[in-house]
Amino acid sequence: MPRYDFRCRSCGATFELRRTMAQANDPAVCPEGHGDTVKLLSTVAVTGGSAAAAPAPSGGGGGGGGCCGGGCCG
């Protein structure tokens, strides 16, 4: 179940609630009992090396640069 961050406008408390996506925009009450709250925009940082890097072209035959890709022009 997704977690959503909220901030209370009355006391300034920031808190998190687990809700279904259908309930994401429903009003929330802060832990102190205040009802004047606003849902915060959450950001997600994804890091890691799961994506494979493209292989570098080899020097024989098919790559190399120049205007035609064959390495004949300088």
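Here are some notes on the fold, the core and a few residues of this protein, working from a predicted model.

1. **Overall make-up.** Let's start with the inventory. The protein has zero helices and three strands, and along the sequence they read β-β-β. Out of 74 residues, 14% count as buried. The accessible surface is about 5800 Å², and carbon and sulfur atoms account for 53% of that surface. As for contacts between residues at least 6 apart in sequence, 29% of them join residues at least 24 apart.

2. **The sheet.** The three strands make an open sheet in the order 2-1-3, with antiparallel pairing. Strand 2 and strand 3 are the edge strands, each pairing on one side only. From one strand to the next, the twist averages 35°. If you want a reminder of the general rule, strands of a sheet pair through backbone hydrogen bonds, either parallel or antiparallel.

3. **Who pairs with whom.** Strand 1 (residues 3-8) pairs with strand 2 (residues 14-18) in the antiparallel sense over five bridges. Phenylalanine 6 has phenylalanine 15 as its bridge partner in strand 2, while arginine 7 stands opposite threonine 14 of that strand. Strand 1 also runs antiparallel to strand 3 (residues 37-39), and three bridges join the two. Here the partner of cysteine 8 is threonine 37 in strand 3.

4. **The hairpin turn.** Strand 1 and strand 2 form a hairpin with five residues between the strands. Have a look at glycine 12 in this hairpin: its phi is positive, near 85°.

5. **Two faces of strand 1.** Which residues of strand 1 lie on the covered face, and which on the uncovered one? Tyr4, Phe6 and Cys8 make up the covered face, whereas Arg3, Asp5 and Arg7 make up the uncovered one. The background is simple: in a regular strand the side chains alternate between the two faces of the sheet.

6. **The core.** The largest nonpolar core has seven residues, namely Tyr4, Phe6, Cys8, Phe15, Ala24, Ala28 and Cys30. Strand 1 gives the most to this core, with three residues. The covered face of that strand, Tyr4, Phe6 and Cys8, is part of the core list. In soluble globular proteins, nonpolar side chains tend to be buried together.

7. **The aromatic pair.** A search of the whole structure turns up one aromatic pair. Phenylalanine 6 and phenylalanine 15 form it, and the pair is stacked, with 5.7 Å centre to centre and 20° between the planes. Why does the pair count as stacked? Because planes under 30 degrees apart count as stacked, and these planes have 20° between them.

8. **Phenylalanine 6 up close.** Is phenylalanine 6 buried or exposed? Phenylalanine 6 has a relative accessible area of 3%, so it counts as buried, the cut-off being under 20%. Its ring partner, phenylalanine 15, is buried too, at 9%. Leaving aside neighbours within four places in sequence, phenylalanine 6 is in contact with a long list of residues, including Ala13, Leu17, Arg19 and Asp26. Also on that list are the core residues Phe15, Ala24 and Ala28, as well as Thr37, Val38 and Lys39.

9. **Glutamate 16.** Glutamate 16 sits in strand 2 and is partly exposed, with a relative accessible area of 47%. Apart from neighbours within four places in sequence, glutamate 16 is in contact with Arg3, Tyr4 and Asp5. Glutamate 16 and leucine 40 are 24 residues apart in sequence and 9.7 Å apart in space, C-alpha to C-alpha.

10. **Threonine 14.** Threonine 14 also lies in strand 2. With 48% relative accessibility, threonine 14 counts as partly exposed. Outside its neighbours within four places in sequence, threonine 14 is in contact with Phe6, Arg7 and Leu40; of these, arginine 7 is the residue standing opposite it. The C-alpha atoms of threonine 14 and proline 31 are separated by 9.2 Å, with the two residues 17 apart along the chain.

Conventions. Residues numbered from 1 in each chain as written. Predicted model: local features only at pLDDT ≥ 70, side-chain atom pairs only at ≥ 80, totals over all residues. Heavy atoms only, no water. Helix = DSSP H or I, 4+ residues; strand = E, 2+ residues; numbered from the N terminus. Buried < 20%, exposed > 50% of the residue type's maximum accessible area, 1.4 Å probe, protein only. Contact = heavy atoms within 4.5 Å. Areas by Shrake-Rupley, 256 points an atom, 1.4 Å probe, with all protein chains shown as cover. Phe/Tyr/Trp six-rings, centres within 6.5 Å; stacked < 30°, edge-to-face > 60°. Core = buried A, V, L, I, M, F, W, Y, C linked by side-chain atoms within 4.5 Å. Pairing = 2+ DSSP bridges. Axes fitted to C-alpha atoms, helices over the stretch in contact; angles between N-to-C directions.
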